[in-house]
There are 4 protein chains.
Amino acid sequence: MAASRKLRYGMVGGGPGAFIGEVHRMAAALDGTMELVAGAFSSSAERSREQGRALHLDPTRVYGTFEEMAEAESEREDGIDFVSIVTPNHVHFGAAKAFIERGIHVICDKPMTNTLEEAEELCRLVQKHDVVFALTHNYTGYPMVRQAREMVSAGELGTIRKIVVEYPQGWLSELIEASGHKQASWRTDPARAGVSSAMGDIGSHAENLARYITGLEMEELHADLSTLVPGRQLEDDGNILVHYKGGARGILYASQISVGEENNLRIRVYGTKASLEWKQEHPNWLHLRFPDAPEQIFKRGNPYLGSAAAHTTRLPSGHPEAFLEAFANIYKLAGRVIMARIDGTEADPRDLDFPTVQDGAIGVHFIHTAVESSRRRAWVNADYSPPS
Amino acid sequence: MAASRKLRYGMVGGGPGAFIGEVHRMAAALDGTMELVAGAFSSSAERSREQGRALHLDPTRVYGTFEEMAEAESEREDGIDFVSIVTPNHVHFGAAKAFIERGIHVICDKPMTNTLEEAEELCRLVQKHDVVFALTHNYTGYPMVRQAREMVSAGELGTIRKIVVEYPQGWLSELIEASGHKQASWRTDPARAGVSSAMGDIGSHAENLARYITGLEMEELHADLSTLVPGRQLEDDGNILVHYKGGARGILYASQISVGEENNLRIRVYGTKASLEWKQEHPNWLHLRFPDAPEQIFKRGNPYLGSAAAHTTRLPSGHPEAFLEAFANIYKLAGRVIMARIDGTEADPRDLDFPTVQDGAIGVHFIHTAVESSRRRAWVNADYSPPS
Amino acid sequence: MAASRKLRYGMVGGGPGAFIGEVHRMAAALDGTMELVAGAFSSSAERSREQGRALHLDPTRVYGTFEEMAEAESEREDGIDFVSIVTPNHVHFGAAKAFIERGIHVICDKPMTNTLEEAEELCRLVQKHDVVFALTHNYTGYPMVRQAREMVSAGELGTIRKIVVEYPQGWLSELIEASGHKQASWRTDPARAGVSSAMGDIGSHAENLARYITGLEMEELHADLSTLVPGRQLEDDGNILVHYKGGARGILYASQISVGEENNLRIRVYGTKASLEWKQEHPNWLHLRFPDAPEQIFKRGNPYLGSAAAHTTRLPSGHPEAFLEAFANIYKLAGRVIMARIDGTEADPRDLDFPTVQDGAIGVHFIHTAVESSRRRAWVNADYSPPS
Amino acid sequence: MAASRKLRYGMVGGGPGAFIGEVHRMAAALDGTMELVAGAFSSSAERSREQGRALHLDPTRVYGTFEEMAEAESEREDGIDFVSIVTPNHVHFGAAKAFIERGIHVICDKPMTNTLEEAEELCRLVQKHDVVFALTHNYTGYPMVRQAREMVSAGELGTIRKIVVEYPQGWLSELIEASGHKQASWRTDPARAGVSSAMGDIGSHAENLARYITGLEMEELHADLSTLVPGRQLEDDGNILVHYKGGARGILYASQISVGEENNLRIRVYGTKASLEWKQEHPNWLHLRFPDAPEQIFKRGNPYLGSAAAHTTRLPSGHPEAFLEAFANIYKLAGRVIMARIDGTEADPRDLDFPTVQDGAIGVHFIHTAVESSRRRAWVNADYSPPS
């Protein structure tokens, strides 16, 4: 049952100063079950080597490009078991393809790709090469999000009637890309971020979170995307009305110009029997509300929670877990599934619950549908099934 | 400066068991400046008399119909100074007209009328007969709402970019009108409530609150109104995207099927310099957020607040005020303006800040525009100016 | 069942600018069941007359002293049914005595008297003259406090093991009495406030609240009272350890120098089966916590609450009630009991639940015991039974 | 500036199923700067080996006793740089001594020792052998606690007048040690936990936190320790009044029988100019309150915070950090100081801010003083300086 050894992984992206690369490394390190042994950290070979030194890596395993890394590592006896892709969006597809085709498992940041064609191609490649592919929709890694999903799935809310999911941030309320802010520069640049900024970067998390918790699929949507900061190339605020299959109504919004908001992802789900609310900034609590009984606050780490939450919890109640622990859960679960393949054992079914390449394709489709609806000022069909 | 006597008022509606009539009476009583002396409390003369007795009124001033009351009271030397209209919506117009035409001032519940024609007719009647007319959009009576308005008006938020105003309730999540629930019966009945339930009853408060705080007017809107409880005649959930004049974006929603929500009116306003949030269920606090400074919580009753809040505050900080005190502020301000007319003095300009007959017409226009947009599944022009 | 008429009351104290007099008048007015008809509002006859005019009283019923008022009103056919005493503490005893001895019911502010001898004398006078006497420990008027009491009484918390009750304020963190602040001047003056400031003014509320909710009586206490603002005559901060009869432990503290605190009365009660928490500044919610189940938030106005809360609730859930409504509940309940006496009917048992003259004596005893313990730096016996 | 290699560490305690050992390992792993290479995980050699296998350690470096480990590792060229001691309290002293005397640095759990003699002996040993010694008062690792300390130190609160620090838990509200609960068994056993349970385990954190933030030292204290669960050997609830040097007053309490509380460490500090509040269960926010300005919420990760918070922050604002990240900060800082010694460089002064062996001795003295005061029912001198 215990793993026979630690997993070995490499990283594409995550050079000096890159926020998300550091997050992935901390997430991977937390449980002591995997170690970083290789990397192509930057499009600059010099910066890649610098990062390798800072991380105490063997210099021969620090590469100038992901292609070199894919080739060299796939030929080593002790090559990496999986790769972690943490670059700007436009690099995801090529990098993922290079490793998948060599049978190396992938953990990839989101949104998965910039075009739907690429997303669907990845679905087919994952299928063909039979690799594990996990997408870091990290908010699904929170134990109380898993509790929410389990309760909805068990019917404790009744039939879902309404979903309100919102993701306001304020960090792009000025044109900071004009003065060289690194994150802002690529996230608002169509060449690197794709067709959308707010919806691509954070609206896609909101879409994924709502679908993860409720299981509901969109039927049609009406989007209103706006660029509120003059001079910006992509939208920085987007508000969407949703009709879900089966009749539920929804509001989904993402904003990068909501001054004073930090990372305020929040979801409310209303059913015929009960409703729930979860807030990413206070992630250890899940609120349940009823027509005829006191509100209940479910708190992470307690024995009254279900197995999905318990399986992703590290600390007792009252000892708060947060963003990194949730992120680490994606690594932990995907890592266990990869390890089971290596050890030739059966994966624990609970470990299979992480975002997949199909989730990635659905997210990319959602982004493009929102852009189209807003352009046409009309309801647009949002029904979609990715290649399985 | 002090009033020469107490005001005398009568009430139309508010018979035994009527929630909102009792609210109006408590609001009017709180400051000891006005007394209830007459009433036509019910369409049943017997129930009207019953209510009169319970309130210790002179039986000769308890009437069977509002027409009788308007006629009799307008001829008395000590007749009522103003009337309070607290009936279901469809009665508002006729009752208001009857008193206005006799020069009696009016405080009227909302939404003001069921049709735009009636609303505009009231605007003209108020103008013609030169009476004071106050509409009980009571949420504008909260001191911290007034503080919010004052801060926006002073430019402390910069240019407004986005408004999110929401009003979820859960009390109509079952078809309770089918089993005779009195409130539910008339509020979901087109003959009495008009073209809308959720938007009419509470969406109109959300519209008024957003406009009161920001001063922004709608340019166009896209509404998605739904009836989620089978068998119901009017919509019980409505979600609206808004374009405001000047470019701000908005989300406005009202729901009566959001199980577990009580009366959760909440508004967030995002400007270029700061944002604010206010929640009706915790009304003594106003949150201000900034791009580069700690969040601030402004608390009712403190000397650092502006004059609008101070003018409507009764208790020191930490001694919470709530719904009734806010409601009473509408009565207090309108009452003072009425008293100034009686005493032949100049009204304090701060007392003039209560919802008017024009606010009522704008609200009625908004409701009808939302219904039309939802029917057409399209953006609809929402620009409107009522007769002044 | 309905009252035959409105009650008539007079007021001692509450002259121009007096905060607490205005609170009492609003509380009395709220339900429309009693009217203010007489007053001795100030030790200055001129200021008393000024207040009478502002309140539109009959000038012949505005008196220079409470003795005149007691004598004149007791001889009128339409004299006052009860008196409301809202002066500084040192006047309470004399005023209460004057009215009680004439058979006039009393609603009196707290702490009841400055000495235990006076407190016990009032107990005997109330008994002898068979009048209704209510003490405005207004925080017991909150519906959710009543819910808390009902749940403890029903055993839902099991055996109580610990009580933490705290009442921090910050308004006396400077020596404002030195610059003529009216409230501060008398509350820190031994001649008017008695032996204590923080414990007398607010610690007595904390003592009363804990006893009201739990029914527990003190066995011994250890107090640490301090004067933290140099130049002040009475203590402005007090922290007390308590042993309750039966073995429960307690912490009770009151502070007037806790900068930034407004009126933050809060209580937590821990039992063997559950615990509760209630905060005066967010009074509509009551938190219940369990060893093995989610936290529950009981919210005012819901059908799942008990009859004690329901009996003191005016508004539906989500329409917050606050300080004045709770204060008004003391008036409402005492007023109904007085009215039942006048009408010769039986009082509703639920109406008898307001603070009595015995509660007042216990409070005075508590204050003096705390002062003694602090002086002696030792545990002191706190067991006490007032004359019944 | 960058470290020349990863640190190597060993662990004493932390066998299969031990909560705190797992916490230390995750904390050490998070930043990727140190690796676990050796261990004496259990008093059972078999269980120690089991743990070593699960952690993929070299079996030759998994030891049966800490003495063996100290001896063997001190003789290896690639021996451990430091040891992490995570056993029950009674083992701390012997284990720490064994490693210190061999010049191996120590990170040790708290309370440091069971007797003051042992604590002082450790102070002398650390001095004599010139090793780095860090005590895991992990709550001081929270960035917002460091912000609090920095603000107090900069005089932003003025002179401190009052501290209220509380640490309620509910997990020992039943006699679970009687049915073999592992944690409960040793924590309530005088032979292993020492003279105190509640004060030793969590009261010591409260003491440390208050001292860390304010810098104030105790002058005298009056404690009331109780055993509220029948059959328990040590106290499970303790309430203490404190006089700090310089005149500030304090309340410090710790409880293990506060049903429904999880790990609710909370501190409020009141100064002449401002007050602050911090809650461990919502650790990313720090509340500042003022006499004459809105409350401010300082939020982790923002540029307006000081350097102490910034130095211990890993994620941007709105991406919450929590317990493990705070715990990891103690490891990170102590690890850097150790690494600087190895590399022969100067330690960054900001890295020196972690709890020391002297803090441990002060904590042990505090525990014993509280026990003595409670036994004597009297104020007891609490002034103490450990050997430096």
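How many residues does each of chain D and chain B bring to the contact? Ten from chain D and ten from chain B. In contact here means C-beta atoms, placed from the backbone, within 7 Å.

Quick housekeeping. This is a predicted model: local features need pLDDT of at least 70, side-chain atom pairs count only at pLDDT 80 or more, and totals for chains, interfaces and linings use all residues. Residues are numbered from 1 along each chain as its sequence is written, while chains are lettered from A and ligands numbered from 1 in the order in which they are written.

Back to the interface. On chain D, the side touching chain B has six nonpolar, one polar and three charged residues. Nonpolar is Ala, Val, Leu, Ile, Met, Phe, Trp, Tyr, Cys and Pro; charged is Asp, Glu, Lys and Arg; the others, Gly among them, are polar.

Now the strands. E13 of chain B and E13 of chain D, residues 295-299 in each, pair antiparallel over three bridges. Pairing takes at least two DSSP bridges. Strands are DSSP runs of E, at least two residues, and helices runs of H or I, at least four, numbered from the N terminus. Ile297(B) has Glu295(D) as its bridge partner in E13(D).

Symmetry next. A turn of 180° and a shift of 0.0 Å along the axis lay chain D on chain B, with an RMSD of 0.0 Å. The two copies are thus related as by a two-fold rotation axis. The fit is least squares on C-alpha atoms of residues with pLDDT of at least 70 in both copies. Within chain D, Gln296(D) comes closest to that axis, at 2.3 Å (C-alpha). And 100% of chain D's interface residues are also interface residues in chain B, so the copies meet through the same surface.

Definitions and conventions: Contact = placed C-beta atoms within 7 Å.
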